[in-house]
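Biologist: I am new to this model and would love a close look at its aromatic rings. Please walk me through how they pair up and what surrounds them.

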Amino acid sequence: METDTLAMAQEIDFSMLALFARATLTVKIVMMMLMIMSFWSWAIIIQKHIMFRKARGEATVFDRAFWSGEPLDELFEKIGPDPQGQSEKIFAAGMLEWRRSHKQDGGLIAGAQARIDRAMDVAINRESERLNTGLAFLATTGSTAPFIGLFGTVWGIKHSFEQIAISQNTNLAVVAPGIAEALLATGVGLIAAIPAVVFYNKLNSDSERILGGYESFADEFATILSRQLDA
């Protein structure tokens, strides 16, 4: 009997593709959903990595130009009306409001400092939305994927017990394939969740550092303009 059971077990294909093919429709849908979530998470991770790297490079180049001693008006003219980098956009927003706050006789309209600060805050908030877009999906995947996979496992095990009851055979060769198919759903859920959680934490931290740099620059720039206002 044991020899027959061993022979039956050896004939069963336990590869991931075979387990997926033998799974019930519900478990297949669960695993396909998790694979799509995993694929989309990796797409966001790669896209954010490229975006953050570009943002850091642009900030470094602009900081070098800003603190080079070049007059701010000349730097603003060089950037032009359509700045590309995010640091340039924050600077341009402040400079544009600075110029609009001047009267034709050269005087300043009251409340210029507050308007300049708000203009730069709006530019920073827009960049914050751009940097953080997609991170919520990573957080959702990281928190829900294990439970979605667990649902697939529970459903698969339920189906396995139903098959055992129908066949009235508790032989390991009969039970093992169904259990393996069910557990595969949990494994796929963990494969989707773990990278999402790890990279969400990293990307969220990177985003905060980049935005912190923008806010520091805006504060320094506002201080420079404040001196000119007081003068």
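Modeller: Gladly! Let us begin with the rule for a pair: rings of Phe, Tyr and Trp (its six-membered ring) count when their centres lie within 6.5 Å, and the pair is stacked if the planes are under 30 degrees apart, edge-to-face if over 60, and tilted otherwise. By that rule, there are 12 aromatic pairs here. One of them joins Phe66 and Phe221, whose centres are 5.8 Å apart and whose planes meet at 90°, making it edge-to-face. This pair connects distant parts of the chain, since Phe66 belongs to helix α3 (residues 25-66) and Phe221 to helix α8 (residues 172-230), with their positions 155 residues apart. Helices here are DSSP runs of H or I with at least four residues, strands are runs of E with at least two, and both are numbered from the N terminus.

Before going on, please keep in mind that this is a predicted model, in which local features need pLDDT of at least 70 and side-chain atom pairs count only at pLDDT 80 or more, while totals for chains, interfaces and linings use all residues. Residues are numbered from 1 along each chain as its sequence is written, and side-chain values use heavy atoms, leaving out hydrogens and water.

Are these two rings buried or exposed? Buried means under 20% relative accessible area, exposed means over 50%, and partly exposed lies in between (1.4 Å probe, protein chains only). Phe66 has 4% relative accessibility, so Phe66 is buried. Phe221 has a relative accessible area of 0%, and is therefore buried too. Phe221 also has a partner in Phe217: these ring centres are 5.9 Å apart and the planes differ by 10°, so the pair is stacked. Phe217 and Phe221 are about one helical turn apart because 4 residues separate them along helix α8. Phe217, at 5% relative accessibility, is buried as well.

Now for the wider group: Phe62, Phe66, Trp67, Phe76, Phe91, Phe217 and Phe221 make up one aromatic cluster. Phe76 brings us to helix α4 (residues 72-79), where the buried residues are Leu72, Leu75, Phe76 and Ile79. These four sit on the same side of α4, because the arc that they cover around the axis is only 100°; that arc is taken from the directions from the helix axis to the C-beta atoms. On the face of α4 turned away from the buried side, you will find the exposed residues Glu77 and Lys78. After α4 comes Gly80, with a positive phi near 85°.

Helix α3, the home of Phe66, also holds Val27. With 1% relative accessibility, Val27 counts as buried. The C-alpha atoms of Val27 and Gly152 are 5.0 Å apart, although 125 residues separate the two along the chain. A ring can also meet a charge: Lys158 lies over the face of Trp155, 4.6 Å from the ring centre. For this, NZ of Lys or CZ of Arg must be within 6 Å of the ring centre and within 35 degrees of the ring normal.

To place all this in the whole, the protein chain contains 8 helices and 0 strands, and along the sequence its pattern reads α-α-α-α-α-α-α-α. Of the 231 residues in the chain, 37% are buried.
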